[in-house]
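Colleague: I would like to learn how the descriptive words used for a structure follow from the values behind them. Could you take me through one example?

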Amino acid sequence: MITEAVMEFGEARLRSRDPDALGELIARYQHRLYRYLLRLAPEAAEDLFQQTWLRVVESIRHYDPRRDFDSWLFAIAHNLAIDHLRRRAPASLDEPGEDRLAAHAPDALERLLAEERRAAVVSAMSELPSLYRETLSLRFEEDMKLEEIAEVVGAPLATVKSRLRRGLEALRRKIQ
Amino acid sequence: MREHQSIRELLALGAAGALDPDEERRLRAHVAICEDCAAELRSWQVLAGELSALPVPQAPPPMVARTRARVEAALRAEAGRRWDDAVLACLALLAWTVNLATWAVWRLIAGGATGLAVIGLTESLMYLTVSTLVAWLTAGVAAVVAGQRRRAVGRSL
């Protein structure tokens, strides 16, 4: 099964790294990828966005079209973001326990939120440990199944399920 | 009571649509008879709905434009590297051809028409040694030049 995005832009065009095809691909995924990176590493979202696409250019020849393109793309972004977070604060990537990240509500996002409740949800989410933020974003914003999330983050299904439950519980505690 | 406690732990995942079929079936059966759990599930469903409905932050157009420019630069740089590789391969082929041709011409000059047929071992070994040293030296210089150029391209990306 070839992913819809790959079918649409043409496998051959992408493999040959046709600039127009890659440009269309960037346009198609720009907001979703940016949102994901904003959730995971808001302070470096722009840099990681660029690095992700450069990595796509390097790797697209090796992309297996039977693999889901969304998972492949987000896995690249995940790996780059995790490297960034490790460099910044190695402890923040431990399985969350007492982990606390500085609360960074992305300015651009805050401005878009008209309702107070939405702002509260976003703000509370931004205070969660990065692994919870990522899991919640992939499940609810990207609408990925647990199996797809596991593929993106390279973790067992049970771990993803646990992060999702703990993330939701932590989010609700913060909102309340 | 134990089932009630067990179901409580599934409510958040149930609202997230992350239960396996057996857990989902147990959850449905329980909330049908337990108003507390049904209310708790609705509360989780509200939160799940809010998360799903968060607006998508728009990627800033200048950032996207910069990304496209960097991607295009990377593609151009790689095309340049492929061209360099092709040129180097042609030059290597040319160098070996010239090398062998020179050897043949040298034999003809030194030995006349029968020079090619009479191959002196010492003479040939000396020629081979000198030409190999020259070839390695040239290849080394070319590798250094190519490496510096690649590093310069890498820094520009």
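Colleague: Why are α4(A) and α5(A) called oblique to each other?

Modeller: Bear in mind that this is a predicted model. Helix α4 (residues 45–59) of chain A and helix α5 (residues 69–88) of chain A pack at an angle of about 130°. Angles over 145 count as roughly antiparallel and 65 to 115 as roughly perpendicular. The angle of about 130° fits neither class, and therefore α4(A) and α5(A) are oblique to each other. Their axes lie 9 Å apart, and α4(A) passes α5(A) in a right-handed crossing.

Colleague: Which residues make that contact between α4(A) and α5(A)?

Modeller: From α4(A) come A:Leu48, A:Gln51, A:Thr52, A:Arg55 and A:Val56. From α5(A) come A:Leu73, A:Ile76, A:Ala77, A:Leu80, A:Ala81 and A:His84. By type, the residues of this contact divide into 7 nonpolar, 3 polar and 1 charged.

Colleague: Now the other pair, please. What makes α9(A) roughly perpendicular to α10(A)?

Modeller: α9(A) and α10(A) pack at an angle of about 105°, and their axes are 9 Å apart. The class called roughly perpendicular runs from 65 to 115 degrees. That range takes in the value of about 105°, so α9(A) is roughly perpendicular to α10(A). On the α9(A) side the contact is made by A:Leu146, A:Glu147, A:Ile149, A:Ala150 and A:Val153. On the α10(A) side it is made by A:Leu157, A:Val160 and A:Lys161. These residues divide into 6 nonpolar, no polar and 2 charged.

Colleague: Which residues of helix α9 of chain A are buried, and what do they pack against?

Modeller: The buried residues of helix α9 (residues 146–153) of chain A are A:Leu146, A:Ile149, A:Glu151, A:Val152 and A:Val153. To earn that word, a residue needs 20 or more other C-beta atoms within 10 Å of its own. The buried residues of α9(A) pack against α5, α8 (130–141) and α10 (157–175) of chain A. Just after α9(A), A:Gly154 takes a positive phi of about 65°.

Colleague: What about A:Asp143: how do you know whether A:Asp143 is buried or exposed?

Modeller: We count neighbours. A:Asp143 has 11 other C-beta atoms within 10 Å. A residue is exposed if that count is 12 or fewer, so A:Asp143 is exposed. A:Asp143 is found in the loop between α8 and α9 of chain A.

Colleague: What is notable about the phi of A:Asp143?

Modeller: Phi of A:Asp143 is near 55°, a positive value in a residue other than glycine. Most residues other than glycine have a negative phi.

Colleague: Let us step back to the whole chains. How many helices and strands does each have?

Modeller: Chain A has 10 helices and 0 strands, while chain B comes to 6 helices and 0 strands. Of the 176 residues of chain A, 40% count as buried. For chain B, with 157 residues, the buried share is 13%. Among contacts in chain A between residues at least 6 apart in sequence, 63% join residues at least 24 apart. In chain B, 59% of the contacts with a separation of 6 or more are between residues 24 or more positions apart.

Colleague: And where the chains meet, which helix of chain B gives the most?

Modeller: The contact takes 26 residues from chain B and 36 residues from chain A. On the chain B side, α2 (11–15), α4 (35–52) and α5 (61–111) each supply at least two residues. α5(B) gives the most, with 10 residues. The chain B side divides into 18 nonpolar, 3 polar and 5 charged residues.

Colleague: Where should I be careful, and how do you know?

Modeller: Over residues 97–103 of chain A the pLDDT is below 50. Where pLDDT is low, the predicted coordinates should not be read in detail. That stretch has 9 contacts in the model beyond near neighbours in sequence. Chain A averages a pLDDT of 83, with 78% of the residues scoring at least 70. The mean pLDDT of chain B is 82, and 87% of its residues reach 70 or more. Among the elements of chain B, helix α6 (residues 121–156) has the lowest mean pLDDT (74) and α2(B) the highest (95). For the complex, the predictor gives an ipTM of 0.76 and a pTM of 0.70.

Key:
Residues numbered from 1 in each chain as written. Chains lettered and ligands numbered in written order. Predicted model: local features only at pLDDT ≥ 70, side-chain atom pairs only at ≥ 80, totals over all residues. Helix = DSSP H or I, 4+ residues; strand = E, 2+ residues; numbered from the N terminus. Contact = placed C-beta atoms within 7 Å. Axes fitted to C-alpha atoms, helices over the stretch in contact; angles between N-to-C directions. Parallel < 35°, antiparallel > 145°, perpendicular 65-115°, else oblique. Left-handed = near helix turned anticlockwise from the far one by under 90°. Nonpolar A, V, L, I, M, F, W, Y, C, P; charged D, E, K, R; others polar. pLDDT = per-residue confidence, 0-100.
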